[in-house]
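Please walk through this protein with me, starting from a small detail and widening the view step by step.

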Amino acid sequence: HGKTTTAGMLAWILEDCGLQPGFLIGGVPGNFEVSARLGEAPFFVIEADEYDSAFFDKRSKFVHYRPSTLILNNLEFDHADIFDDLPAIQRQFHHLLRMVPGHGRVLAPTRTPALDQVLDMGCWSEVEYLGEGGLWQAEPLQADGGHFAVLLDGKPVGEVRWGCIGLHNVHNGLMALAAARHAGVPVAEAIKSLCLFVSPKRRMELKGEVAGIRVWDDFAHHPTAIEWTLAGLKAQVKAQEGGRVLAVLEPRSNTMKMGVHQQPLADSLQSADQTYLFRPPGLNWDLAAVAESCPRGRVFEELDALIEALVEAAQPGDQILVMSNGGFGGIHDRLLQALEAAHVCA
């Protein structure tokens, strides 16, 4: 989780500090007009993932990249259409580690057993840890992650105030700062740049506001990402003494459709005040069973019916969080138009 966002953060830090890096990001970065460019510096930031390279090359894409700085953000089982289990993914991560040269640096979080097991399989590069007990730490100064202090080797080195929310983004930011330092950027300068970071499209992107009702778009499609995203928005709402969070989810990834994440899905939605689940084509498990375990959970088969229910339920101050890794039938614009029509008529 966080690959696109963290890659965007690092590319922006290098750019803002005058290094003109090349980059390849699997999304639309907020600080750039393009998702990829060659760049002018000897630095190239690439969003890497474990999905297979092609129908004729079943190795993970990231084994082709040979990085000198490697961010291992987190690791969970996903892509059930490609991998049988977590150890199958860990083997690919081990292959990636073997690509990092001896003079390279691996950045890894503390207290992450799945990644610890990968590192235990063999690592021949310097490893720098981030998080509790690590060389790099973050101290949240706002519960929603909008303001945090950065500590390096136990010493405060600066504070980040930015437009991102969620403690997962604090973690992403810390990773980007550590990677930028390995590229030679002074920490204080990197922190200043990070304060100016703009999230990529579809990563907690505010699509619009009507009558005090905000509509957000997020790419979250794995239970952990869903939980983190909801927690960040809920913390912001609580700090601002705002309204409710209405969670809207389309479980349309291949792994979701296979039902692999069915059990933890309800738990990931518990911080929502209301839950709206949309059944995409090809879903072969009982979505209603998940809805029964969610806060005021409901299942919808038709997009028009879902939009109508949201318009009827939403009140000024509410936050509608729409989560899907697809276009979701253009729900965001349609929902905003329906809210506008309802409140103009009212």
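In strand β2, Ala36 is the bridge partner of Leu24. Helix α1 (residues 3–16) packs on the sheet and touches β1, β2 and β3, and its direction makes about 165° with that of β3; contact here means heavy atoms within 4.5 Å, while axes are lines fitted to C-alpha atoms, for helices over the stretch in contact, with angles running from 0 to 180 degrees between N-to-C directions. The sheet itself is open and mixed, its 3 strands following the order β2-β1-β3. Its edge strands, β2 (36–37) and β3 (44–46), each pair on one side only, and β1 (residues 22–24) pairs with β2 in the antiparallel sense over 2 bridges, where pairing requires that DSSP finds at least two bridges between two strands.

The model is predicted: local features need pLDDT of at least 70 and side-chain atom pairs count only at pLDDT 80 or more, whereas totals for chains, interfaces and linings use all residues. Residues are numbered from 1 along each chain as its sequence is written, and side-chain values use heavy atoms, with hydrogens and water left out.

Seen as a whole, the protein has 11 helices and 17 strands, which are DSSP runs numbered from the N terminus (helices H or I, at least four residues; strands E, at least two). Buried residues, those under 20% relative accessible area (exposed is over 50%, partly exposed in between, with a 1.4 Å probe and protein chains only), make up 52% of the 346 residues.

A search of the whole structure finds 17 salt bridges, each a side-chain nitrogen of Lys or Arg within 4 Å of a carboxyl oxygen of Asp or Glu. In one of them Arg105 meets Glu128, with the closest N and O atoms 3.3 Å apart. This pair links distant parts of the chain, since Arg105 belongs to strand β7 (residues 105–109) and Glu128 to strand β8 (residues 126–130), 23 residues apart. Arg105 counts as buried because its relative accessibility is 13%, and Glu128 is buried as well, with a relative accessible area of 5%.

Glu250, in the loop between β14 (245–249) and α7 (254–257), is buried yet has no salt bridge, the nearest side chain of opposite charge being Arg252, 4.1 Å away; Lys and Arg count as positive and Asp and Glu as negative, while His and the chain ends are not counted. Leaving aside residues up to four places away in sequence, Glu250 touches Phe278, Pro280, Met323, Ser324 and Phe328.
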